[in-house]
Amino acid sequence: MQKKHIIVGLSGGVDSSVTACLLKKQGHHVTGVYMKNWDDDQAQCTSLSDEQDAKHVCEQLDIDFSTVNFSKDYMDKVFAHMLSDLKKGHTPNPDILCNQEIKFKVLLDYALKNNAEFLATGHYANIESTQGNNKLMMAKDQNKDQTYFLSRMPKEALNKVLFPIGNHQKSEIRELAKQFKLENALKKDSTGICFIGERKFSDFISDYLLNKPGIITDEVGKPIGKHNGLFYYTIGQRKGLGIGGMQNTPEDPWFVIKKDMQNNTLICVQGDKHPALYHHGLSAQDIHWLINPDDLGDTFEAKVRIRHRQTLQNAKITIQNNQLTAHFETQQRAIAPGQSIVMYIGQCCIGSAIIEKPLN
C-alpha cells in the first residue's frame with residue numbers, strides 16, 4: 001500500500017495501540033482518535049484512564065491525537081435501541097450495533113471528513129479484495145476472531161477500513177507491544193459491554209428500566225420463585241435465579257427458557273439437557289448482507305454462529321420476504337431473540353440477521 005493518511009480508532013487497549021504502531025512503522029501518516037461514547041460519572045473514571053493510555057501511545061509515536069464525543073449518537077442509535085429491545089423481552093447485542101452505527105459509520109465519516117483515506121481499528125478480522133470486491137474474512141487467531149461483532153458493519157465501509165492485526169495471534173500482539181515498549185503492553189483485555197465497561201449489567205440497567213418483579217414458573221405453570229424484572233434475564237441463563245431447595249425436587253440447576261412479557265412471568269426448566277432448551281431451527285429478521293445475496297439463491301448451505309466464539313454450526317438457510325429461516329444439522333441450545341445469527345461461507349462472513357424466535 002502506498003503511504004496514506006490513516007485515522008486509528010484507539011481504545012487505550014493493547015490491540016488498537018499495536019495497530020497504530022504497525023501503521024506508523026509502515027510509513028503512513030497516522031492520527032489517533034479516542035471515542036467517548038458515554039457521559040456518566042462511573043464510566044468517566046474508566047474512560048479517563050483509557051483516554052490517557054491512548055494519548056500516551058500517540059505521544060510515544062509522535063502522532064496527532066484527539067478525542068471525539070459521540071455520546072449523543074450513541075444514545076440515539078445504540079442505547080435507545082437496546083432499551084427498546086429489553087422492553088420487548090429480547091437480548092440485544094449493543095457491541096454489534098455500536099460497530100454498525102458508530103465505529104464504522106459515525107467514526108468513519110469523521111475520519112473521511114478529516115482527510116483520512118482509511119479508518120483502522122484493532123479488531124481481529126481481515127478484509128480480502130477479490131476483483132475489486134472487498135469481503136470480511138475471519139482472523140488468523142480463531143479464538144479472538146471478532147467477525148461476529150462486525151457482521152452488521154456497513155458493506156461499503158469495507159472499502160475504507162483496515163484491520164492490521166487480523167493476521168496475528170493475540171500472543172504475537174502482546175509480544176509486539178513489549179517490543180514497541182508500550183506502557184499498556186500488559187494491560188488486561190476489556191470484557192465489559194462497550195459503554196459500561198466492567199460494571200455489572202443488572203446494576204447499570206436498573207437505572208434506566210423500571211423494576212417490575214414477578215413470578216417464576218416451571219414449564220407447566222407451577223410457581224417456583226420470584227424474579228426482580230424480566231430484563232435482567234436471558235434465555236439459557238442459570239445464575240441469579242434464586243431457585244433451589246424445593247421439596248420433592250431434584251437438585252439439578254434451573255435454566256431460563258422463556259420470558260412471558262404479557263404476564264410478566266419467567267419460565268424455567270430443570271437440567272442442562274432439558275429438551276425445551278434445544279431447537280432445530282430459528283427465524284430471524286432484519287437481514288444485513290456483506291456480499292451480494294443474489295449469488296446465493298433463496299436457499300443455501302452455510303456455517304453459522306448464534307453467539308460469539310461458538311463453534312461454527314452447519315445450517316440450511318432459507319430467505320423469503322427479507323425473513324431468514326435456519327435449520328441446523330445439530331440442535332442448538334438457548335436461542336435468544338434479539339441476538340444475531342451470523343453466516344459464513346468458508347472464511348468469509350457473508351452477513352447476519354436478528355433472531356426473532358426459535359423453531360422446533
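1. The helices H3 and H4 are roughly antiparallel to each other, where angles over 145 degrees count as roughly antiparallel, under 35 as roughly parallel, 65 to 115 as roughly perpendicular and the rest as oblique. Helix H3 covers residues 71-87 and helix H4 covers residues 94-113, and their axes come within 10 Å and cross at roughly 160°. Axes here are lines fitted to C-alpha atoms, for helices over the stretch in contact, and the angles run from 0 to 180 degrees between N-to-C directions. Helices (H or I, at least four residues) and strands (E, at least two) are DSSP runs, numbered from the N terminus.

2. Before going further, please keep in mind that this is a predicted model, in which local features need pLDDT of at least 70 and side-chain atom pairs count only at pLDDT 80 or more, while totals for chains, interfaces and linings use all residues. Residues are numbered from 1 along each chain as its sequence is written, and side-chain values use heavy atoms, with hydrogens and water left out.

3. To return to the first pair, H3 passes H4 in a right-handed crossing; a crossing is right-handed if the near helix is turned clockwise from the far one by less than a right angle, and left-handed if anticlockwise. On the H3 side the contact (heavy atoms within 4.5 Å) involves Asp73, Tyr74, Lys77, Val78, His81 and Met82, and these meet Pro94, Leu97, Cys98, Glu101, Ile102 and Val106 in H4. Sorted by class, the residues of this contact of H3 with H4 are eight nonpolar, one polar and three charged. Ala, Val, Leu, Ile, Met, Phe, Trp, Tyr, Cys and Pro count as nonpolar, Asp, Glu, Lys and Arg as charged, and the others, Gly among them, as polar.

4. Helix H1 offers a check on helix length: at 1.5 Å a residue, its 12 residues (14-25) should span 16 Å, and its end C-alpha atoms are 16 Å apart, which agrees. The expected span is 1.5 Å times one less than the number of residues. Because 10 of its 12 residues are buried, H1 is largely enclosed by the rest of the structure; buried means under 20% relative accessible area, exposed over 50%, and partly exposed in between, with a 1.4 Å probe and protein chains only. Among the buried residues of H1 are Val14, Ser17, Cys21 and Leu23. After H1 comes Gly27, whose phi is positive, near 95°.

5. How does H1 pack against helix H6, and at what angle? H1 and H6 (residues 170-179) pack at an angle of about 65°, with their axes 10 Å apart, and they are therefore roughly perpendicular to each other. The crossing of H1 and H6 is left-handed. In this contact Val14, Asp15, Val18 and Leu22 of H1 meet Lys170, Ile173, Arg174, Leu176 and Ala177 of H6, and by class the contact has six nonpolar, no polar and three charged residues.

6. Asp15 deserves a closer look, since at 14% relative accessibility it counts as buried. Leaving out residues up to four places away in sequence, Asp15 touches Gly122, Tyr124, Ile165, Lys170 and Ile173.

7. Most residues other than glycine have a negative phi, which makes two asparagines worth inspecting. Asn115, in the loop between H4 and strand S4 (118-120), has a positive phi of about 70° although it is not a glycine, and at 64% relative accessibility Asn115 counts as exposed. Asn321, in the loop between strand S14 (313-320) and strand S15 (323-333), has a positive phi near 55°, and at 72% relative accessibility Asn321 counts as exposed.

8. Is Leu277, in the loop between strand S11 (265-270) and S12, buried or exposed? At 2% relative accessibility, Leu277 counts as buried. Not counting residues up to four places away in sequence, the residues that Leu277 touches include Gly236, Phe255, Val269, Asp272 and Arg333.

9. Gln285 is found in strand S12 (residues 278-289) and, at 31% relative accessibility, counts as partly exposed. With residues up to four places away in sequence set aside, Gln285 touches Asn322, Gln323, Ala353, Ile354 and Glu356. The C-alpha atoms of Gln285 and Ala54 are separated by 38 Å, with these positions 231 residues apart along the chain.

10. Lastly, Gly244 lies in the loop between strand S9 (223-227) and strand S10 (254-260), and at 53% relative accessibility Gly244 counts as exposed. Gly244 and Ile224 are 20 residues apart along the chain, and their C-alpha atoms are separated by 8.7 Å.
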